[in-house]
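Here are my notes for your first look at this one. Keep the viewer open and follow along point by point.

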Amino acid sequence: MKVSVCSSRPILSPCGLKDIKYQVDPYVGCEHYCYYCYALAQAETDWSKEILIYNDIVDQLSKEIDKIPPQTIYMGYQTDPYQPCEEEYRQTRKVLELFKKYDFSASILTKSDLVVRDIEILKEMNDASISVSVAFNDNQTRRLFESKTIDTEKRIEALNTLKKAGVRTGALLCPIIPYITDTIQMIDMLESYADIIWIYGLSINDRSGQNWLKIQKILSSHNPDLIEQIEPVIFSKDHSYWSELREHLEILRKDRKLNLHIHI
Ligand code: SF4
């Protein structure tokens with residue numbers, strides 16, 4: 001993976017999430033390169049070959065956060081803060097150290113267990129929260145859609161470690177791919193380790209866009225019969241697949257008293 005320095009730009013940017021005003025993405029680009037990633041269409045580089053880092057993330061970000069009061073900053077909105085190169089480049093670690101020094105906190109979303117490396121910093125922050133994003137029950141299927149991520153079980157194990165250490169945890173069950181993701185089984189796997197679970201379905205609007213073309217290509221070579229089943233569901237939010245799943249999840253939420261946020 002080629003890692004280059006990006007052109008000058010702000011690091012701190014407004015965040016559209018409820019209760020969080022700002023976000024930081026320590027990397028520009030994401031080498032996880034999930035085929036369904038909505039951000040791929042606007043990518044500045046080919047993420048399978050090159051991602052970008054800031055010239056001096058600590059120097060620049062310290063000047064930017066100096067203008068705002070201490071608060072929780074979101075990480076993981078556009079790119080994964082714990083993508084593989086973080087092991088060597090430690091941009092996320094540097095950001096967390098800076099946040100801790102100035103009494104900021106972090107809410108992080110990742111597909112990696114590398115986050116456990118930073119557990120001591122996270123524990124000392126005021127109310128840090130870590131969520132993992134998962135969508136595949138079996139890793140053979142996962143590798144087809146997101147070949148550079150780690151096994152689902154390892155992500156859940158990371159949540160377990162974080163939860164035991166007293167860090168708030170969450171899981172983003174996303175994207176639910178109809179007839180591929182077993183949502184209920186996934187909740188069974190997650191419920192003991194995630195304090196909150198958000199659920200989102202795969203939604204694609206453009207039949208000629210890269211996301212659908214790539215998914216079609218994967219399905220044609222591994223499970224061509226599924227294309228006919230999946231296509232009408234992901235292009236229609238009103239499809240009965242979604243309403244039946246929603247109903248099932250509502251019952252589960254009530255029966256098991258789960259903190260489920262259903263967005264399908
Ligand atoms: S980990 Fe997230 S940001 Fe990175 S490629 Fe996958 S979906 Fe996109």
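1. Let's begin with overall dimensions, keeping in mind that this is a predicted model. A compact globule of 264 residues would have a radius of gyration near 18 Å, and the protein comes out at 19 Å, so the two agree. If you draw a box along the principal axes, the C-alpha atoms fill roughly 55 × 40 × 30 Å.

2. Next, how much of the chain is tucked away? Of the 264 residues, 52% count as buried, where buried means under 20% relative accessible area.

3. On to secondary structure. You should be able to find ten helices and eleven strands in the protein.

4. Have a look at one sheet in particular. It is an open sheet of three strands, ordered 1-5-4, and its pairing is mixed. Strand 1 (2–5) and strand 4 (27–28) are the edge strands, since each pairs on one side only. Strand 4 runs antiparallel to strand 5 (residues 50–53), and two bridges link this pair. To spot the match yourself, find Val28: Leu52 in strand 5 stands opposite.

5. Now for the ligand. Which pocket does the ligand take up? The space it fills is the largest pocket.

6. Who surrounds the ligand? The residues around it are Cys30, His32, Tyr33, Cys34, Cys37, Gln78, Thr79 and Lys111. By character, this shell splits into four nonpolar residues, three polar ones and one charged one. Try sorting the names yourself, remembering that Tyr and Cys count as nonpolar here and Lys as charged.

Terms used
Residues are numbered from 1 along each chain as its sequence is written. This is a predicted model: local features need pLDDT of at least 70, side-chain atom pairs count only at pLDDT 80 or more; totals for chains, interfaces and linings use all residues. Side-chain values use heavy atoms; hydrogens and water are left out. Two strands pair if DSSP finds at least two bridges between them. Helices (H or I, at least four residues) and strands (E, at least two) are DSSP runs, numbered from the N terminus. A residue is near a molecule or strand if one of its heavy atoms lies within 4 Å of it. On a 1 Å grid over the protein atoms alone, a cavity is a set of points where a 1.4 Å probe fits but cannot get out, and a pocket is an open set with protein on both sides within 12 Å along at least five of seven lines; lining residues have an atom within 4 Å of a point. A molecule sits in a cavity or pocket if more than half of its atoms lie within 2 Å of its grid points. The radius of gyration is taken over C-alpha atoms; the globule rule is 2.2 Å times the number of residues to the power 0.38. Buried means under 20% relative accessible area, exposed over 50%, partly exposed in between (1.4 Å probe, protein chains only).
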